[in-house]
Amino acid sequence: MPATGDGRAPGAGDPPGALAGARDGRARSRTVREERPAPTTVAAAPIPHPRGTPAQDSAPTQAARPAPLEAAPLKVLVIEDDASDAELIKAAVAGSGASFEIHWAHSLDHAVDLLAPPPPWTRRGRTRGTDFGCVLLDLAAPTGRPATAAPDHGRPDHSRLATTGAGAGEASDGLDGLRELLRRAPQTAVVVLTDAAGAELGAAAVAAGAQDFLIKHETNGPLLARALRYAVERKRADESQRRLVEAELRGQENARLQRHLLPTPLLDGAGLAFTRRYRPGRRRALLGGDFYDAVRTDDGTVHVVIGDVCGHGPDEAALGVALRIAWRTLVFAGLTGEELLTTLQHVLEHERRSDEIFATLCMLVIEPGDDPTGPAARTDRTAKATKPAGAPAVTRADGRSPAADGAVEHARLYLAGHPVPLLLGPDHTPELLPAGQAGPALGLLPCDDCEAAWPAQRLELRPGWRLLLYTDGLVEGRVGAGSRRLGQDGLAELIGDHQAAGLTRGRLVDSAIAEVEELNGGALTDDVAVLLLERNPAPLILG
């Protein structure tokens, strides 16, 4: 360790117990390891009793209390070119009574080798290095690089000047070594040592990224131990703040992505109540690949889709956005049925990042109502016969479709590996729609495969019908602590109970999702998208 700022040798005139004046404790430091007590056996913690039981209310005896856990020693790497000074640091820390494990590196290059992460090909059983919690860096320690070494990043290498006391260049050179250390070990706390004349250098080191700085001749064992512990806690706080900022940025990105995944349906004049909900899974900050959409074309046909891209993360979410936008574009271009699904699979195959990615999808095409005995239907047929080609569909003066008057409607259901919707009847007995003609998920089979077909399932929708569409995250939640899943039959029973309680629309969907999460014991693992489409004489309500 170099001389102090006033020209005295380390320890000259220092008060007893100071770090630089502890050379007489060198011999004692050599026996620190032998004097360290053996770790005590930790007694197993007793099983806690339920709240309010007599066993808990009674005061536990001293013998029944578990032994306190012994804190793991903090591993510190000391970068010091003088071996005797490194021993002084060990002795001072050992005399403080704190639990530390001190390692020594004679130069910055030596320390970088110790701090470097192990290669990924390290064989099992081999030593993978020490995970240091803090580094104590003497700013006067050399880097260990030869004077003729090539400069890094195009900058001249003056690291050798750090040991020569080269006037104004010393501060810059010392911080270069610190910056190299922070670059190689960004997750490790750093405390720097300087002499009395280098207090400004220590402050500059903190500004450059170190957690603290100490003046050598003013530092004793307890102060050094406390500074090392505080530096570790400051580093943890900085890392927590950094992760918080990153989470906020991800949240802003998710909000922009969500606006594309969860669009506003275009159902003006359809006379439908459309309620939608989306809940991200608990294991991700990013959205998954669930998506939905609903539009009404000029001929009065209502098209609804809900889908789920396998996997989670930004790539799957972006693919879900691409599929949703492609679906809406194809619908407005006049495609429907198997032709639309085949084209959508081509989009999936070109946009996915690997051949293993697929998407499940449920598509519903609701045709305009046609009741041959109702006056509204006769008016509708007359209007259709006289309507010019390309003119918009006929609606009533109140903006509702003629089907809103109680006409029987017909729909086509297309399933591509997706759960079947629920038809909610007026007698509070939900019914699963038939799935006998379901096709494979998009992307599982090539389009030229004879089994890659998505035939239409014809449905007849009676007046006052309600359809619940959802992704598989809603039915894959667990029921209790076992492995039992809710399943589609369990969902139908649950929805029926909530209907019987008089819940409708948004309250029905929210209460159903809340009970599914309660049965699961917490938030669902997978994302959940739910659509409730209702034929109701009331004006359109977006929930």
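**Exercise 1. Strand 14 and its partners**

Task: Determine which residue of strand 14 stands opposite Leu 423, and establish how strand 14 is paired and whether its residues are buried or exposed.

Solution.

Step 1. Leu 423 stands opposite Leu 467 in strand 14. The structure considered here and in the following exercises is a predicted model.

Step 2. Leu 423 belongs to strand 11 (residues 422-423), which is joined to strand 14 by 2 bridges in an antiparallel arrangement.

Step 3. Strand 14 also runs antiparallel to strand 15 (residues 528-535), with 5 bridges between them. Within this pairing, Tyr 470 has Val 530 of strand 15 as its bridge partner.

Step 4. Strand 14 spans residues 466-470 and is mostly covered, with 5 of its 5 residues buried. Arg 466, Leu 468 and Tyr 470 point one way, while Leu 467 and Leu 469 point the other way; the residues of both groups are buried.

**Exercise 2. The parallel sheet**

Task: State in what order the 5 strands of the open parallel sheet are arranged, and identify which strands stand at the edges.

Solution.

Step 1. The strand order is 2-1-3-4-5, and the pairing is parallel.

Step 2. Strand 2 (100-105) and strand 5 (212-215) each have a single partner strand, so one side of each lacks a neighbour in the sheet; these are the edge strands.

Step 3. On average, neighbouring strands of this sheet are turned by 25 degrees against each other, direction ignored.

Step 4. At the strand 5 edge, strand 4 (residues 189-194) pairs with strand 5 in the parallel sense over 4 bridges. Thr 194 has Ile 215 in strand 5 as its bridge partner.

Step 5. Helix 7 (residues 199-208) lies across strand 4 and strand 5, and runs at about 165 degrees to strand 5.

**Exercise 3. The antiparallel sheet and Arg 296**

Task: Describe the open sheet that contains strand 7, and explain why Arg 296 is classed as buried.

Solution.

Step 1. This sheet has 5 strands in the order 7-8-9-10-13, with antiparallel pairing. Strand 7 and strand 13 (457-461) are the edge strands, each pairing on one side only. The twist from one strand to the next averages 15 degrees.

Step 2. Strand 7 pairs with strand 8 (residues 302-312) in the antiparallel sense over 9 bridges. Asp 290 stands opposite Asp 308 in strand 8.

Step 3. Helix 9 lies across strand 7, strand 8 and strand 9 (359-366), running at about 15 degrees to strand 7. Helix 10 also packs on the sheet, where it touches strand 9 and strand 10 (409-416); the direction of helix 10 makes about 150 degrees with that of strand 9.

Step 4. Arg 296 lies in strand 7 (residues 288-296). Its relative accessible area is 15%, and the cut-off for a buried residue is under 20%; Arg 296 is therefore buried.

Step 5. Arg 296 and Asp 268 are 28 residues apart in sequence, and their C-alpha atoms are 7.3 Å apart in space.

**Exercise 4. Two helix pairs**

Task: Classify the relative orientation of helix 9 and helix 10 and that of helix 12 and helix 13, and state which residues make each contact.

Solution.

Step 1. Helix 9 (residues 314-332) and helix 10 (residues 337-351) pack at about 150 degrees, with axes 10 Å apart. An angle over 145 degrees counts as roughly antiparallel, and this pair is therefore roughly antiparallel. The crossing of helix 9 past helix 10 is right-handed.

Step 2. Helix 9 contributes Leu 319, Leu 323, Ala 326, Trp 327, Leu 330 and Val 331 to the contact, and helix 10 contributes Leu 340, Thr 343, Leu 344, Val 347, Leu 348 and Glu 351. By class, the contact comprises 10 nonpolar, 1 polar and 1 charged residues.

Step 3. The axes of helix 12 (residues 487-500) and helix 13 (residues 505-520) come within 10 Å and cross at roughly 130 degrees. Helix 12 is therefore oblique to helix 13. Helix 12 passes helix 13 in a right-handed crossing.

Step 4. In helix 12, Leu 494, Ile 495, His 498 and Gln 499 meet Leu 508, Ser 511, Ala 512, Glu 515, Val 516 and Leu 519 of helix 13. The residues of this contact divide into 6 nonpolar, 3 polar and 1 charged.

How values were computed
Residues numbered from 1 in each chain as written. Predicted model: local features only at pLDDT ≥ 70, side-chain atom pairs only at ≥ 80, totals over all residues. Heavy atoms only, no water. Buried < 20%, exposed > 50% of the residue type's maximum accessible area, 1.4 Å probe, protein only. Pairing = 2+ DSSP bridges. Axes fitted to C-alpha atoms, helices over the stretch in contact; angles between N-to-C directions. Parallel < 35°, antiparallel > 145°, perpendicular 65-115°, else oblique. Left-handed = near helix turned anticlockwise from the far one by under 90°. Contact = heavy atoms within 4.5 Å. Nonpolar A, V, L, I, M, F, W, Y, C, P; charged D, E, K, R; others polar.
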